[in-house]
Amino acid sequence: MRTTDHDQDTHETTVQGASRRALLVGGVAAAGLTLAAPAMATASRSPSKPQGDGTMGTITVKDGTEIFYKAWGAGQPIVFHHGWPLSGDDWDTQMMFFSQKGYRVIAHDRRGHGRSSPSASGNDMDTYAADVAALADHLGLKNAVHVGHSTGGGEVTRYVAKHGGNGRVAKAVLIGAIPPVLIKSAANPDGVPAEVIDGIRTAVANDRAGFYRDFSTGPFYGFNRPGAKVSTAVSDNWFRQAMAGDIKAQYDCITAFAETDFTADLKAIQQPVLVMHGEDDQIAPIDGTARRAVKLLKNGVLKTYPGYPHGMATTHADVINADILAFIRG
């Protein structure tokens with residue numbers, strides 16, 4: 001394993017007015033959730049079958065939840081897994097870039113997020129991974145590259161460890177991801193404090209819109225840093241995706257992204273994994289996540305980015321896309 005630093009200038013941002021929610025948001029994590037006893041999901045064959053080189057539609061998994069997906073292009077498949085509480089739309093720039101480079105690109109909305117149906121249960125990492133397995137089976141994916149951001153990085157880790165054998169997965173990429181575990185503990189002193197996680201739960205339950213607005217205009221993209229160049233359009237797009245999801249599923253997902261332990265999953269993965277992380281990630285701090293995760297992987301490489309925020313795949317898409325492409329081709 002090796003660690004390499006990326007010499008790229010920090011994405012700049014302007015200071016936002018501090019608020020009680022913004023302070024809460026400041027030390028938080030935008031990723032996923034892990035609840036108990038997931039019912040393994042398998043797809044019932046949906047009428048929306050892929051046609052030609054592009055399609056979108058839904059599959060219905062075992063518990064009746066409908067999972068929305070979009071896919072286009074031809075070639076080796078790349079599957080994108082979004083962060084909390086977003087949707088597959090968060091990967092628009094990457095999907096355009098990689099489809100133009102000759103890849104088949106796929107993005108889905110996690111259950112209870114985006115255009116997938118609300119889910120009062122099954123909002124945990126085992127079920128998330130099973131939903132992805134059902135989608136991969138539906139689309140006949142082999143030799144795929146799975147790319148996950150934040151909570152989506154946890155979803156990729158669990159999916160590859162449990163379902164990635166028999167030629168299904170070639171490589172994986174984790175961007176600002178939550179593994180091995182996000183929450184602070186004696187074993188993970190650099191994690192996010194439990195009181196911050198509890199604060200997120202309270203904020204989502206009582207003022208979801210206000211919390212999401214502060215989150216997207218503040219630490220997620222580093223827009224709360226002095227001298228930062230803020231993009232209102234980027235924040236608005238984040239907010240649009242977040243508010244499209246189901247509050248119960250998003251609330252449950254907080255447990256999944258904060259408390260799921262991916263240590264065994266990371267150790268089990270045989271495929272090459274690129275771990276990419278911003279050194280100024282305020283959501284999933286690098287010392288408690290990426291720097292620990294890469295040590296557990298059999299075939300992992302860590303690339304760190306000085307000054308880059310949690311949402312660096314958006315703010316620095318040109319750099320991140322080029323590095324992912326080099327890894328896939330390497």
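I take a residue as buried when its relative accessible area is under 20%, and I keep in mind throughout that this is a predicted model.

**Entry on Thr-65**

I looked up Thr-65 with that cut-off in hand and found a relative accessibility of 6%, so Thr-65 counts as buried. I placed Thr-65 in the loop between strand S3 (54-61) and strand S4 (66-72). Leaving aside residues up to four places away in sequence, I listed what Thr-65 touches, and the list reads Ile-59, Thr-60, Arg-111, Ser-117 and Ser-119. For Ser-117 I also looked up the C-alpha to C-alpha distance to Thr-65, which is 5.9 Å, although the two are 52 residues apart in sequence.

**Entry on Val-192**

I then turned to another loop residue, Val-192, which lies between strand S8 (169-175) and helix H5 (194-217). Its relative accessible area is 1%, and Val-192 is therefore buried. I noted that the C-alpha atoms of Val-192 and Ala-258 are separated by 8.2 Å, while their positions lie 66 residues apart along the chain.

**Entry on the whole chain**

I counted 11 helices and 10 strands in the protein chain, and I noted that buried residues make up 60% of its 330 residues. Taking contacts between residues at least 6 apart in sequence, I found that 79% join residues at least 24 apart.

**Entry on strand S10**

Is strand S10 (residues 300-305) mostly covered or uncovered? I found S10 mostly covered, with six of its six residues buried. When I checked the two faces separately, Gly-300, Leu-302 and Thr-304 were buried on one side, and Val-301, Lys-303 and Tyr-305 were buried on the other.

I next followed the pairing of S10 with strand S9 (residues 273-278), which is parallel and runs over six bridges. Within this pairing I noted Lys-303 of S10 as the bridge partner of Met-276. Adding helix H9 (residues 290-296) to the two strands, I recorded a right-handed β-α-β unit made of S9, H9 and S10.

**Entry on helices H3 and H4**

I looked up how helix H3 (residues 125-139) and helix H4 (residues 151-163) are set against each other, and their axes come within 9 Å and cross at roughly 70°. Angles of 65 to 115 degrees count as roughly perpendicular, and H3 and H4 are therefore roughly perpendicular to each other. I noted the crossing of H3 and H4 as right-handed. For the contact between them, I found that the H3 residues include Met-125, Tyr-128, Val-132 and Ala-136, and that the H4 residues they meet as a group include Thr-151, Arg-158, Tyr-159 and His-163.

How values were computed:
Residues are numbered from 1 along each chain as its sequence is written. This is a predicted model: local features need pLDDT of at least 70, side-chain atom pairs count only at pLDDT 80 or more; totals for chains, interfaces and linings use all residues. Side-chain values use heavy atoms; hydrogens and water are left out. Buried means under 20% relative accessible area, exposed over 50%, partly exposed in between (1.4 Å probe, protein chains only). Helices (H or I, at least four residues) and strands (E, at least two) are DSSP runs, numbered from the N terminus. Two strands pair if DSSP finds at least two bridges between them. A crossover is right-handed if, with the strands pointing away from the viewer, the path from the first strand over the helix to the second runs clockwise. Axes are lines fitted to C-alpha atoms, for helices over the stretch in contact, and angles run from 0 to 180 degrees between N-to-C directions. Angles under 35 degrees count as roughly parallel, over 145 as roughly antiparallel, 65 to 115 as roughly perpendicular and the rest as oblique. A crossing is left-handed if the near helix is turned anticlockwise from the far one by less than a right angle, and right-handed if clockwise. Contact means heavy atoms within 4.5 Å.
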